[in-house]
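Good morning, and thank you for making time for this presentation. Please take a moment with the sequence and the model on the screen before I begin.

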Amino acid sequence: MEHGEPLDRVARIQADWRRERPDLDVGPQAVIGRLHRLADRLTEELALVYGRYGLGEGEFDVLCALRRAGEPYERAPGELAAHTMVTTGAMTKRIDRLERAGLVTRRRADDDQRGRIVALTGPGRELIDQAFTDHMRNERHLLDLLTPAEAASLETLLTGWLSRMDHPRAPGGA
């Protein structure tokens, strides 16, 4: 932070912890705390767009996963769960809500009478196409708070960090 600028919330929390627990390194809060706050703020901003279409984040994710599948815009519930990183139980609830709203349908899989297929309806496709267009406009607006160079650097840093978290090296490995 520049000299003379007021401390942000994370810096104030760190100052409190440094006073109360000078034995601990609270330096990681500078990054983790701000990322956590930023994630919360971004979620709030993104949810505004979902709400305009009567969707929660989960329903938006399901509709996007179906739309990304390409024609005929359908996937098995297990595939949807994998593409949206939620449990199959949570997926069932989302699909139930979307089906009640007329945005998706469920049918038996052609090749397996026990399996189910979830498909985007015409109104569901229209809705997600409009909602996703607004979502991308919103994400662009949020990212434009950074310079193009800052956005590129941040993307590189986050990609590397996430990759290391998703694929940790064995202790002592190269």
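Is Arg 107 buried, exposed or partly exposed? With a relative accessible area of 29%, Arg 107 is partly exposed. I should say at once that we are looking at a predicted model.

Let me stay with that residue and turn to its partner. Arg 107 forms a salt bridge with Glu 74, and their closest N and O atoms are 2.6 Å apart. This pair links distant parts of the chain, since Glu 74 belongs to strand β1 and Arg 107 to strand β2, residues 104-109, with the two positions 33 residues apart in numbering. Glu 74 is likewise partly exposed, at a relative accessible area of 25%.

In total, the structure holds 15 salt bridges. As a general point, side chains of opposite charge can pair when their charged atoms come close. I have chosen two further examples. The first is in helix α2, where Arg 41 and Glu 45 lie 4 residues apart, about one turn of the helix. The closest N and O atoms of Arg 41 and Glu 45 are 4.0 Å apart, and the two form a salt bridge. Arg 41 has a relative accessible area of 44% and is therefore partly exposed; Glu 45, at 25%, also counts as partly exposed.

The second example pairs Asp 144 with Arg 140, with 3.1 Å between the closest N and O atoms of this salt bridge. Asp 144 counts as partly exposed at 48% relative accessibility, and Arg 140 is partly exposed at 47%. Elsewhere, Asp 16, Arg 19 and Glu 20 are joined into one network by salt bridges that share partners.

Now to an arginine without such a partner. Which side chain of opposite charge is nearest to Arg 94, and how far away is it? The answer is Asp 61, at 4.8 Å; Arg 94 is buried yet has no salt bridge. Because a salt bridge requires a side-chain nitrogen within 4 Å of a carboxyl oxygen, the separation of 4.8 Å from Asp 61 does not qualify. Arg 94 sits in helix α5, residues 88-100. Beyond its neighbours within four places in sequence, Arg 94 is in contact with Gly 58, Glu 59, Val 62, Thr 84 and Val 86.

I turn next to the backbone, in the loop between α3 and β1. Pro 72 is found in this loop, and a cis peptide bond joins Glu 71 to Pro 72, with omega at about 10°. Tyr 73 is also placed in the loop between α3 and β1. The phi angle of Tyr 73 is near 60°, a positive value in a residue other than glycine. With a relative accessible area of 10%, Tyr 73 is buried.

Finally, the largest pocket. Its volume is about 1200 Å³, and 35 residues line it. Ala 39, Leu 42, Leu 46, Glu 139 and Leu 158 are the lining residues that lie nearest its centre. Which helix supplies the largest share of the lining? That is α2, with 9 residues. Helices α2, α3, α4, α6 and α7 each supply at least two residues of the lining. By character, the lining divides into 22 nonpolar, 5 polar and 8 charged residues.

That concludes the presentation, and I would welcome discussion.

Terms used: Residues numbered from 1 in each chain as written. Predicted model: local features only at pLDDT ≥ 70, side-chain atom pairs only at ≥ 80, totals over all residues. Heavy atoms only, no water. Buried < 20%, exposed > 50% of the residue type's maximum accessible area, 1.4 Å probe, protein only. Lys, Arg positive; Asp, Glu negative; His and termini not counted. Contact = heavy atoms within 4.5 Å. 1 Å grid on protein atoms, 1.4 Å probe; cavity = no way out; pocket = protein on both sides within 12 Å on 5 of 7 lines; lining within 4 Å. Points joined across faces, edges and corners; volume = space filled by probe spheres on them. Nonpolar A, V, L, I, M, F, W, Y, C, P; charged D, E, K, R; others polar.
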